[in-house]
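Thanks for coming. I will walk through one protein model this morning, starting with a sheet and then moving to helices and salt bridges.

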Amino acid sequence: MRANAPLKKTTRDKGGQDSRGDQLAIDLPGTLPDRFTEWFASRGWRPHAHQLALLDAASRGKTTLLIAPTGGGKTLAGFLPSLVEIAEGGARDLHTLYISPLKALAVDVHRNLQMPIEEMGLPVTAEPRTGDTSQHRRKRQRETPPNILLTTPESLTLLLSYADAPRMFRNLRCVILDEVHALAGNKRGDQLALCLTRLQALAPDCRRVGLSATVAWPEALCRWVAPDAQADSVHLIEGGGAVDSEVRMLVTREEMPWSGHMAVHALPEVYEEIRKAGTTLVFVNTRAQAEIVFQELWRVNDDNLPIALHHGSLAREQRQKVEAAMAEGSLRAVVATSSLDLGIDWAAIDLVVQVGAPKGVSRLIQRIGRAGHRLDTPSRAVLVPANRFEVLECRAAMDAIRESTLDGDPPQPGGLDVLAQHVMAMACSAPFHPDALYAEITRAAPYAEITRAEFDDVVAFVDHGGYALRSYERWRRLESLPDGTYRAASPAMVRRLRMNLGTIVEANTLKVRIKRGPFLGEVEEYFALGLEIGDTFIFSGQMLRFEGIREMTVEASRAPGDAPKVPAYVGGRLPLTTHLADRVRAILARPATWGSLPDQVRDWLNIQLWASSLPEPDALLVESFPRGDKHFTVAYCFEGRNAHQTLGMLLTRRMERAGLAPLGFVATDYVIAVWSLNPVGNVAELFDEDMLGDDLEAWMDESSMLKRTFRNVAVIAGLIERQYPGQQKTGRQVTFNSDLIYDTLRRHEPDHILLQATRRDAARGLTDVSRLAGMLKRAKGNILHQRLDRVSPLAVPILLEIGKERVEGSAIDLMLDEAAQDLIAEATKGAP
């Protein structure tokens, strides 16, 4: 039961560790009962200092945040005080609630928790409760809860929506928040933070324990864990003693591609790494990429090694089968997405391979920490860049790990749509008074600054939909009582809430099954609707032929084929973090650091220096050049794909007004390219900060992006239900309904609370306005415009992206055809 992240830490708490990281089990404030001490000894273990420090903090009723590296026994540390309390003094009903961001993690931790319980013969009952738990067991858990319940934010929200919640949680003494960094700052975290305030109201003496390995903002995370949103209410314990990770970059025999994202060129050598290692986790960044990498590894698997596939769209039974096989040690490798990022305890993992750029240091550390999984064992990892820009990103990430720096944004204010769902959930449990509920929810850090007016607007929305919608009976979800309280308007409203609980709004999916055979998992509805009878696609590691759609199910047959369509998942692309982008810029600006780069990449950068310039950390490099009958403008912004997509929309609007006749743009995490019929003149004017004023507002109002964002907000807030008693709406039905409501609110109530929530989400997420604003401010007066007569070497990758957006699968990496070779030859012509 250990989590990950091989950063060196020092124990800030009393009692600590010496400079070698040896555990000092003597003279520490926390003491273990004899049977626990004997159990540790029987396994050849000694308690870590941070485990004993947490035991001491718990004995004093303190809420705690434990930050400890991989192999440090964080999860056991979280449970240890509860096990001791129950073993020594017994427990009435539910004593400890464990919250995990992943269902699989909750199940895995439960399995590992049973080991000390059974081996010490402790009088402790522990059970998991997730969406996969049977209806019979879930009902029994509410009537007779175990001493320890392991669950997820969604399942906790559901439990709190029942009238018997006060009885179930009245004797709760502890809430353990595992991998808390993965929750704080997103909507699932907002949901959990609100649930914690309700638990605190039901069980005032309950203490909290936050567990994390990768924390860039400790004080902000303390505030999030705190019962009163105050950092000084939390006792911070930092564990130490981890050895440095061994991370290297794979330099392949094949030529490094200039573009592409699948790294197919490197997979034969990835297979060689798998052969040499014991058990390997191969991480990728998207589910579509997982399918391709899995297929390509099997193509070269001459030894018939047991290699499996794991991602969130596969059928539950298949995922569980893979997890069980890994736990038993019967697999040599698993190709996985973020579905296995967090701390599932497979101590036998020998190597982690990251295929594709990591996109963030903290995320990479989390993944690397899956290997070794002991304080005294270094985590071993191999990074496999898919193209030349990704080499720079991998190098930057390795430098950050060596220097022990983390990235990530601090937690943001909570979403108003999540608050609306919570208000309705509380109304389903029992009548609430707005004064009391406001006082309660402002004890959660994400909502500590919400004004009473905003809160009242949210309650009004839940009550009747708001001014523009209040005449419609279907949105009257609350009933006002004479004493000023509100309750759910009807049992039907309660059912609708419980059927649509949660904050994860992915693209609508359809189940995939073999015709007259088993279910394999789910693909996005838009992908399935684009298939024609006879089309082939890869899913669940198999080549399938599309046979049709029947009753919300894709029917397929197994088929051979060499040109499949691959599921493209909406949530697949991870954004490049600001910290990693800054490091990439620094590498480019310092040729003296290029010695550790592969020869091909170093030559690429040197030719760029000869042909043009390189981006500087505090300046913006813009190149313009003709090609064919078009003029290209390429800006090296390094602000991530979302910010670049927004910039592209704004630049083309501005160029249209200037008469430059823009034809299109393409964006990656590093660069944006715009092409037009006429050349750009005044680049400084084109990139002026004022584009974030009227231009941004006009574009957001006109684009479909706000409608897409509103759709998600409306689903979370309960304005639109995807699940209805006896039926399920299709994605097209949900979109049609949300578009009608969006247009109505814009016309008649433009300051509606859900439109406010939509604009906030769009600015924070899809448009990444803050990063774009920072870049434009940095560029003001610092733009280097290079007018070239042809494409530069650094611009080749972005030009190769043009036209690829609709090309699926490994074909992406095979598009260096004659035209691409011509482009490369043009860029390097005459180079020394």
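Let me begin with a question: in strand 22, which residue is the bridge partner of P626? The partner is H631. Before going further, please keep in mind that this is a predicted model. The average pLDDT of the protein is 83, and 85% of the residues score at least 70.

Back to the strands. P626 and H631 belong to a pairing between strand 21 and strand 22, residues 630-636, which is antiparallel and has 7 bridges. The two strands make a hairpin, with 2 residues between them. In that turn, G628 has a positive phi of about 65 degrees.

Strand 21 also pairs with strand 27; here the two run parallel, and 5 bridges join them. V622, for example, has H785 in strand 27 as its bridge partner. Strand 21 covers residues 620-627, and 6 of its 8 residues are buried, so the strand is largely enclosed by the rest of the structure.

Now the whole sheet. It is an open sheet of 5 strands, in the order 23-24-22-21-27, and the pairing is mixed. At the edges are strand 23, residues 662-667, and strand 27, residues 783-787, each of which pairs on one side only. On average, neighbouring strands in this sheet are turned by 15 degrees against each other, direction ignored.

At one edge, strand 23 pairs with strand 24, residues 672-676, in the antiparallel sense over 5 bridges. Within that pairing, G664 is opposite W675 in strand 24. Helix 22, residues 641-657, packs on the sheet and touches both strand 23 and strand 24. The direction of helix 22 makes about 170 degrees with that of strand 23.

That is the sheet. Next, two helices.

Is helix 2, residues 49-59, enclosed or open to the outside? It is largely enclosed by the rest of the structure, because 10 of its 11 residues are buried. The buried ones are A49, H50, Q51, L52, A53, L54, L55, D56, A57 and A58. Several elements cover them, including helix 1 (34-42), strand 1 (63-67), helix 3 (74-89), strand 6 (207-212) and strand 7 (234-238). Just after helix 2 comes G61, with a positive phi of about 70 degrees.

Helix 27 takes in residues 753-764, 12 residues in total. From its first C-alpha to its last it reaches 17 Å, close to the 16 Å expected at 1.5 Å a residue. The buried residues in helix 27 are I753, L754, L755, A757, T758, D761 and A762.

Now to the salt bridges. The count comes to 41, and I will pick out a few.

The first on my list joins E440 and R198, whose closest N and O atoms are 2.9 Å apart. E440 sits in helix 16 (residues 434-441) and R198 in helix 8 (residues 187-202), so this pair ties together parts that are 242 residues apart in sequence. Both E440 and R198 are buried.

Another pair is E219 and R223, with the closest N and O atoms 3.6 Å apart. These two are in helix 9 (residues 218-225), 4 residues apart, which is about one turn of the helix. E219 counts as exposed because its relative accessibility is 53%, and the cut-off for exposed is over 50%. R223 has a relative accessible area of 34%, so it is partly exposed.

Then there is E272 with R253, at 3.0 Å from N to O. E272 is in helix 10 (residues 267-276), while R253 is in the loop between strand 8 (246-249) and helix 10; the two are 19 residues apart, and the pair links distant parts of the chain. E272 is partly exposed at 34% relative accessibility, and R253 is exposed at 61%.

There is also a network of salt bridges, linking R395, D399, R402, E403 and R583. Of these, R402 lies in helix 14, residues 388-402. With a relative accessible area of 56%, R402 is exposed. The C-alpha atoms of R402 and D244 are 7.9 Å apart, with their positions 158 residues apart along the chain.

Finally, the low-confidence stretches. Over residues 567-572 the pLDDT stays under 50, and the model has 24 contacts there beyond four places in sequence. Residues 804-818 also stay under 50, with 29 such contacts.

That is what I have for today.

Definitions and conventions:
Residues are numbered from 1 along each chain as its sequence is written. This is a predicted model: local features need pLDDT of at least 70, side-chain atom pairs count only at pLDDT 80 or more; totals for chains, interfaces and linings use all residues. Side-chain values use heavy atoms; hydrogens and water are left out. pLDDT is the predictor's confidence in each residue, from 0 to 100. Contact means heavy atoms within 4.5 Å. The expected span of a helix is 1.5 Å times one less than its number of residues. Buried means under 20% relative accessible area, exposed over 50%, partly exposed in between (1.4 Å probe, protein chains only). A salt bridge is a side-chain nitrogen of Lys or Arg within 4 Å of a carboxyl oxygen of Asp or Glu. Two strands pair if DSSP finds at least two bridges between them. Axes are lines fitted to C-alpha atoms, for helices over the stretch in contact, and angles run from 0 to 180 degrees between N-to-C directions.
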